[in-house]
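The following paragraphs lead the reader through one protein model, from its overall composition to a few individual residues. Please keep the sequence and the coordinates at hand while reading.

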Amino acid sequence: MTIIFVALLALLVSAKPDVDTNGQRMARGLPLKAPRHLYRASPAAMARRSQASGITTQCSTGPIQCCQTVGTATNPVISLLLGLLGIVVKDVNALIGATCSPITLVGVGSSGCSAQSVCCEDNSHGGLISMGCAPINL
């Protein structure tokens with residue numbers, strides 16, 4: 001019995017653990033071992049963000065607009081554009097944006113708009129006029 005125990009002990013001690021590197025395995029013509037995962041990310045770290053925190057380029061009515069002029073229908077520039085386009089405004093106190101373009105990229109530390117950024121209800125006039133606007137800070 002002692003001889004069997006000593007033989008098993010010698011066999012266990014002499015057994016070489018599988019510590020080959022993939023380089024050693026390649027040199028011998030063996031297939032590579034799967035990578036070991038030394039770092040297991042937490043569920044929070046694995047969650048993929050769909051959008052960067054605190055940065056948005058959308059409002060509830062469409063893309064945020066950058067308008068060169070924002071005012072009411074009494075503003076001379078806006079009044080001229082409304083007349084040329086044949087648009088009648090029912091609420092003369094509603095904010096209207098003129099020469100607007102959508103803000104597509106918001107850079108870090110910069111709003112991407114050198115004029116007034118607004119969220120408008122009606123952007124259907126090709127960027128010349130956007131009606132029902134509300135100013136927003138980026």
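Helices, of at least four residues, and strands, of at least two, are taken here as DSSP runs and numbered from the N terminus. The model is a predicted one. Read from the N terminus on, its elements follow the order α-α-α-β-β-β-α-β-β-β, which amounts to four helices and six strands.

Some global quantities set the frame. The protein has 138 residues, and 22% of them are buried. Its accessible surface comes to about 10200 Å², with 62% of that area belonging to carbon and sulfur atoms. Among the contacts with a separation of 6 or more, 58% are between residues 24 or more positions apart.

The strands may be considered next. Four of them close into a barrel in the order 3-4-6-5, and the pairing is antiparallel. From one strand to the next, the twist averages 65°. One of the pairings can be followed in detail: strand 4, residues 96-102, and strand 6, residues 129-135, run antiparallel and are joined by three bridges. Within this part of the structure, I96 has M131 of strand 6 as its bridge partner. Helix 4, residues 76-85, packs on the sheet and touches strand 3 (65-71), strand 4 and strand 6. The direction of helix 4 makes about 145° with that of strand 6.

Strand 4 also contains T99, a residue whose backbone deserves inspection. What is the sign of phi at T99? The value is positive, near 45°, in a residue other than glycine. As a general rule, most residues other than glycine have a negative phi. As to solvent exposure, T99 has a relative accessible area of 38%. The residue is therefore partly exposed, since the value falls between the 20% limit for buried residues and the 50% limit for exposed ones.

A second residue of interest is S117, which is found in strand 5, residues 116-122. Is S117 buried or exposed? Its relative accessible area is 7%, and because buried means under 20%, S117 counts as buried. Where, then, does its side chain find a polar partner? A polar atom of the S117 side chain lies 2.9 Å from the backbone oxygen of I136. This distance satisfies the criterion for a polar contact, because the two atoms must be within 3.5 Å.

Taken together, the path has led from the order of the elements to the barrel of four strands, then to helix 4 packing on the sheet, and finally to T99 in strand 4 and S117 in strand 5.

Notes:
Residues numbered from 1 in each chain as written. Predicted model: local features only at pLDDT ≥ 70, side-chain atom pairs only at ≥ 80, totals over all residues. Heavy atoms only, no water. Buried < 20%, exposed > 50% of the residue type's maximum accessible area, 1.4 Å probe, protein only. Contact = heavy atoms within 4.5 Å. Areas by Shrake-Rupley, 256 points an atom, 1.4 Å probe, with all protein chains shown as cover. Pairing = 2+ DSSP bridges. Axes fitted to C-alpha atoms, helices over the stretch in contact; angles between N-to-C directions. Polar contact = N/O pair within 3.5 Å; in protein donor to acceptor, adjacent residues only side chain to side chain.
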